[in-house]
Amino acid sequence: MIAPSLSVAADAAPSQAGMPTVRFATPEDDPFVEDLQAIAFGPGRFARTAFRVRERFPIDTSLSLIAEVNGVPCGSVWMTPISVGGIDGYLLGPLATHPDFRKRGAGKLLAKEVTRLALERGEGSFVLLVGDRDYYCPLGWVPTELGAIEFPGPVDPTRVLVYSADPTMATRLKGPIKAFGAGTRS
């Protein structure tokens, strides 16, 4: 089944009262995700530093999720495997929710679920993101050391946050973002 277009999602939004659910993305969701990211981030999204990371290191499509409300797609999230200072983890994003579905918890549900799925694999030790502290810190993310992680472009270091079961991870991550497995290669 092909995901409804964003215009269908927007038309359906006023009558939707359900709670968001999450499912794995399929290739049929690609047009929805592309349209959603254009709405959420505009044409400037391609200049963002996080986009530059995803250009260098591909997303893990098995960690791409779609949020729905009553079967209507309303949000999406991607995850990119990375390494920082020889420690493997993931870069969360982009995370986007259609404006007609905001404030229903879809974005937070996506962030928590994709993080849980990634870390349960046992292959990465953290989930990194660039985002608002007020939104992500109540979900368990913590600030990293200012300027310790080197992105391939400008980033506000106060917005670099990490989620990990290891309480020392925020101070341990240092250096440039590299390919997943970079610390284990000889």
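Is Asp29 buried or exposed? Asp29 counts as buried, because its relative accessibility is 2% and the cut-off for buried is under 20%. That is a good way into this structure, which is a predicted model. From Asp29 we can move on to the largest pocket, with a volume of about 1,100 Å³, then to a cluster of aromatic rings that includes Tyr136 and Trp141, and finally to some backbone details, among them a cis peptide bond between Gly93 and Pro94.

**Asp29 and its partner**

- You will find Asp29 in the loop that runs between β1 (20-24) and α2.
- The side chain of Asp29 has a polar contact with the side chain of Arg23, at 2.8 Å.

**The largest pocket**

- The volume of the largest pocket comes to about 1,100 Å³.
- Its lining is made up of 37 residues, and those closest to the centre are Phe41, Pro94, Leu95, Ala96 and Tyr136.
- Several elements each give at least two residues to this lining: the helices α2 (30-41), α3 (49-56), α4 (106-120) and α5 (133-136), together with the strands β4 (87-97) and β5 (127-130).
- Strand β4 supplies the largest share of the lining, with 7 residues.
- Sorted by class, the lining holds 19 nonpolar, 11 charged and 7 polar residues.

**The aromatic cluster**

- Across the whole structure, a search finds 4 aromatic pairs.
- One of these pairs joins Tyr136 and Trp141 in an edge-to-face arrangement, with 5.5 Å from centre to centre and 75 degrees between the planes.
- Both Tyr136 and Trp141 are buried.
- Trp141 also pairs with Tyr163: the ring centres are 5.1 Å apart and the planes are at 55 degrees, so this pair is tilted.
- The pair of Trp141 and Tyr163 links distant parts of the chain, 22 residues apart, with Trp141 in the loop between α5 and β6 (142-143) and Tyr163 in strand β8 (residues 160-163).
- How do the two partners fare in accessibility? Trp141 counts as buried because its relative accessibility is 1%, whereas Tyr163 is partly exposed, with a relative accessible area of 29%.
- Ring pairs join Tyr135, Tyr136, Trp141 and Tyr163 into a cluster.
- Tyr135 has a charged neighbour as well: the charged end of Lys108 sits over the Tyr135 ring, 5.1 Å from the ring centre.
- Tyr136 connects two of our topics, since this residue is among those closest to the centre of the largest pocket and is also a member of the ring cluster.

**Backbone details**

- Which residues does a cis peptide bond join? The bond lies between Gly93 and Pro94, with omega at about 0 degrees.
- Pro94 belongs to strand β4, and Pro94 is also listed with the residues closest to the centre of the largest pocket.
- Asn70 is not a glycine, yet its phi is positive, near 50 degrees.
- Asn70 sits in the loop between β2 (65-69) and β3 (72-84).
- Lys103 is another residue other than glycine with a positive phi, in this case about 70 degrees.
- Lys103 lies in the loop between β4 and α4, and Lys103 is exposed, with a relative accessible area of 87%.

Definitions and conventions: Residues numbered from 1 in each chain as written. Predicted model: local features only at pLDDT ≥ 70, side-chain atom pairs only at ≥ 80, totals over all residues. Heavy atoms only, no water. 1 Å grid on protein atoms, 1.4 Å probe; cavity = no way out; pocket = protein on both sides within 12 Å on 5 of 7 lines; lining within 4 Å. Points joined across faces, edges and corners; volume = space filled by probe spheres on them. Helix = DSSP H or I, 4+ residues; strand = E, 2+ residues; numbered from the N terminus. Nonpolar A, V, L, I, M, F, W, Y, C, P; charged D, E, K, R; others polar. Buried < 20%, exposed > 50% of the residue type's maximum accessible area, 1.4 Å probe, protein only. Polar contact = N/O pair within 3.5 Å; in protein donor to acceptor, adjacent residues only side chain to side chain. Phe/Tyr/Trp six-rings, centres within 6.5 Å; stacked < 30°, edge-to-face > 60°. Lys NZ or Arg CZ within 6 Å of the ring centre and 35° of its normal.
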